[in-house]
Amino acid sequence: MNNPLISIIIPVYNVEEYLERCINSVLSQTYKNFEVIAINDGSTDNSLKILEDLALSDNRIFIYNKENGGQASARNLGLKKVKGDYLIMVDSDDYIDEHLLEKCMLTVKSTNCDLVLFDRLDLNERGELKYCSGGSGITMTDACSAPWNKFYKATLWEGCLFPEGYWYEDLGIVPVIVAKAKKIVNINEPLYIYERSREGSQTNQLNVNKILDVQHMLSNVYEKITDLGLLEKSKKQLEILYIEHLIYITILEKLTQVKDKNIRANLIDEIKVSMAKKFPNWKQIEFASGGMITKRVKNLVVTLYLNKNFVLGDLIWKTSLKLKRKFY
């Protein structure tokens, strides 16, 4: 097949400020054989009108309306509408490089892979772009759990959907897709532009009641991997995935922002129980990323939190962040 159809899934909810930029970046692709599957997830602003106006000028845009149910449900509807041989996912407040589809398709043809990974540029509130690796490798733990830094053979998603009703839903299924892929190529080019400034973005929010949704998402991955018969092959990667997300990211990026020490203590207890149940020997694995000093600081703060020594943990972590901002 010389010119495969590519499906582009775009969930849309109240993004009138960014939507036209997103869709135009797709319509400007140098590879032309694609369909845009735009899922209007009950928008209450002008997003639907913008979509309809754009669709009038390009018959590759297909709009599906649904009641608001969250990004996972919107993507799931998009997955059910896919007609393409390959697919990508783009968040409607972000946009893509005009060569993304062409470069990914060329990679597929030259390597016969079923999953292509690429990097991103982060766009801040001042309009500045900063290169960021979407994932440096090709495994469950270093390919990044985001769905939008990947170009998929559509069959990889057969039998797989995003868990609905949770935060961190990407983490609940994307590592499974990575594990299913037979051949992965990471081209390490920044082809996706990620909007970091939008206040409504989940990236910029903290909800104490949702912090341990990450635990449910990891359990979903574990169960899916087991059902697919991939547990033996993937168990070490799964363990590292748990340590990275349930220990380091949850503690250092989430719990350090929670002010109520009783809530912190309860969350720590749940984390320890979950890790002991799935991976009782997890403490023997050294995971923390960064230089030697950064690793030591992270390991120390995590250890203090796990022992519920929050005062000293806070002091060390806040001091390290201040020093980092000062020098970098």
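This passage describes the domains of a predicted model and its nonpolar cores. Local features need pLDDT of at least 70 and side-chain atom pairs count only at pLDDT 80 or more, while totals for chains, interfaces and linings use all residues. Residues are numbered from 1 along each chain as its sequence is written, and side-chain values use heavy atoms, with hydrogens and water left out.

The domain assignment, which is automatic or from a database, gives domain 1 (6-203) and domain 2 (206-326). Their C-alpha centres lie 27 Å apart. In contact (heavy atoms within 4.5 Å) are 19 residues of domain 1 and 23 residues of domain 2. The area buried between the two domains (accessible area, 1.4 Å probe, lost on putting them together, summed over both) is about 1,800 Å², and carbon and sulfur atoms give 70% of this area. Across this interface there are zero salt bridges (a side-chain nitrogen of Lys or Arg within 4 Å of a carboxyl oxygen of Asp or Glu).

The largest nonpolar core (buried Ala, Val, Leu, Ile, Met, Phe, Trp, Tyr and Cys joined through side-chain atoms within 4.5 Å; buried means under 20% relative accessible area, 1.4 Å probe, protein chains only) has 63 residues, of which Trp157, Ile251, Leu255 and Met275 touch the most other members. Helix α7 (residues 231-254; a DSSP run of H or I, at least four residues) gives the most to this core, nine residues. Each of domain 1 and domain 2 supplies at least three residues to this core. Beyond its neighbours within four places in sequence, Met275 contacts Tyr242, Ile243, Leu246, Ile247, Pro280 and Trp282. Another core, apart from the largest, holds 38 residues, including Leu19, Val90, Phe118 and Leu191.

Note on methods: Buried < 20%, exposed > 50% of the residue type's maximum accessible area, 1.4 Å probe, protein only. Helix = DSSP H or I, 4+ residues; strand = E, 2+ residues; numbered from the N terminus.
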